[in-house]
Amino acid sequence: MQWSYQQSEAIEAVGRWLKRKDKQVFRLFGYAGTGKSTLAKSLAESVRGRVVYAAFTGKAALVMRRKGCDEASTLHSLIYTHKTDDHGLVEYILNPASMAATAALIIIDEVSMVGDQLGCDLLSFNRPVLVLGDPAQLPPVEKGKEAGGFFTRDEPDVMLTEIHRQAENNPIIAMATAVREGREIEIGGYGDCRVITRKEISRDDILSAGQVLVGLNRTRVGFNARIRQLRGFKSDLPEAGDKLVCLKNNHPKGLLNGGLWKVHSVLEQTMDELRMLVDSEDFDGTERKEVLVPKKFFIGGEKELDWRYLRTVDQMTYGYALTVHKSQGSQWDDVVVFDESQSFREDARRHLYTAITRAAEKVTIVK
C-alpha cells in the first residue's frame with residue numbers, strides 16, 4: 001500500500017503510542033475518504049496478539065467485516081453478558097470472559113455514538129483502544145450518560161484531512177467533501193449518483209433503494225406509510241415481509257436500538273399488542289427473534305404509553321424510511337436521501353454530509 005505523507009505520519013504516531021503505552025486511548029479521526037479504516041486495518045496486521053474489532057451498531061460492524069476486520073461485533077455484545085435474578089429480571093453485566101479482556105488492541109469504528117457508560121465500561125478492561133471517528137458527522141442528539149460523544153469530546157491525536165487518492169474519483173466522497181466544505185451540490189449526475197428534484201424521483205428509485213433517509217420524524221412516518229402502500233401492504237399493522245427498526249436496546253434478546261429487522265410471521269395479535277417472529281437485516285445467520293410490540297408504535301400514540309409498561313415490551317416501528325440521526329453508524333449500498341437538512345440550521349451541513357456518507361456505492365439526493 002502506498003501511503004500519503006499524512007497517512008504515513010499517522011501510522012508512525014499510532015506505532016509510537018502502541019510502543020509507549022502511555023495512555024489507553026488513541027483517537028484517529030478523519031473525514032470520509034481519508035482512509036482511516038484502511039489505516040487501522042493495516043496497523044492491526046503489525047500488532048502482536050489478538051486485535052478485536054467492534055462498532056456501536058450491527059450495521060457498522062457488518063461494514064467492518066466486509067473491509068476485512070474479522071469477527072467485528074457490536075460493542076455491546078463484545079463487552080457485556082447477562083444473568084437473570086431470582087425474580088426473573090435480566091441484569092446486563094460486564095463479561096469477564098470477553099475477548100476484550102485479553103486483546104492486544106481493540107479497534108472501535110463510528111465512535112461518535114458511544115456514550116459515557118459504554119465508554120467507561122470498555123476502558124475498564126484496561127486494554128489499548130484505537131477509536132476511529134469523523135468530526136464532520138452529526139453530534140449526538142440525546143443528552144446524558146447514554147448519549148454518544150464519550151470519545152469525541154476530546155481532540156484527536158491524529159486528524160486526517162487529505163482525501164486518499166483512491167477515493168478522489170468516488171462520487172460519494174466528492175459530494176460529501178463539497179458539502180463539508182460549504183459548496184453547493186447542484187442538480188445533476190455524479191457518476192452513478194444523482195441530485196434530483198422531487199418531481200424526478202420514481203417509484204422504482206424508492207423501492208430499489210437499500211434505505212430511504214429523511215430529516216424529520218413526521219416525514220419519516222409519512223414516507224413509511226407511502227412505501228408500505230407501494231409495496232402492497234394493506235393493513236396499518238405489520239405483516240410478513242415488513243421492515244422494522246428497533247427503538248430500544250434489549251441486550252439479552254440481541255435487539256439493539258437502530259437495528260433493522262424483517263417480519264417473518266405474526267404469531268399472535270391482542271387488542272393492544274403484536275407478537276411476531278423477526279429476522280435480522282443487519283447480520284446474516286442471526287437467530288430469529290420473538291418480539292412483543294405495542295400496536296401504538298405502528299398506528300400512533302406510543303408517547304401515551306406508561307414507562308413502566310414499556311419496560312416489559314419491545315419497541316419497534318417501520319424501518320423503510322429512517323431519520324438521518326437514526327441512521328448514524330450504519331451504511332447501505334444504495335441510499336435515497338430526501339434532503340431536509342435546512343431544518344437543522346447550524347447543523348445543516350453536518351446533516352447532509354452524514355446522510356451522504358451512509359451510502360457505500362450509490363446515493364440519490366432529492367431536493
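This report describes one mixed sheet, the helices that pack on it, and the cysteines of a predicted model.

Local features are taken where pLDDT is at least 70 and side-chain atom pairs where it is 80 or more, while totals for chains, interfaces and linings use all residues. Residues are numbered from 1 along each chain as its sequence is written, and side-chain values use heavy atoms, with hydrogens and water left out.

Six strands, listed in the order 9-10-19-18-11-17, make up an open sheet with mixed pairing; strands (E, at least two residues) and helices (H or I, at least four) are DSSP runs numbered from the N terminus, and two strands pair if DSSP finds at least two bridges between them. Strand 9 (188-190) and strand 17 (321-323) are the edge strands, and because each has a single partner strand, one side of each lacks a neighbour in the sheet. From one strand to the next the twist averages 25°. Strand 9 runs antiparallel to strand 10 (residues 193-196), to which 3 bridges join it, and Y190 has C193 in strand 10 as its bridge partner.

Two helices are in contact with the sheet (heavy atoms within 4.5 Å); angles run from 0 to 180 degrees between N-to-C directions of axes fitted to C-alpha atoms, for helices over the stretch in contact.

| Helix | Strands touched | Angle |
|---|---|---|
| Helix 8 (residues 217-230) | strand 11 (211-214), strand 17, strand 18 (332-338) | about 170° to strand 17 |
| Helix 12 (residues 348-356) | strand 11, strand 18, strand 19 (359-366) | about 130° to strand 19 |

The whole structure contains 0 disulfides, a disulfide being a pair of cysteine sulfur atoms within 2.5 Å. C69 is buried at 7% relative accessibility, and C246 is buried at 1%, where buried means under 20% relative accessible area, exposed over 50% and partly exposed in between (1.4 Å probe, protein chains only).
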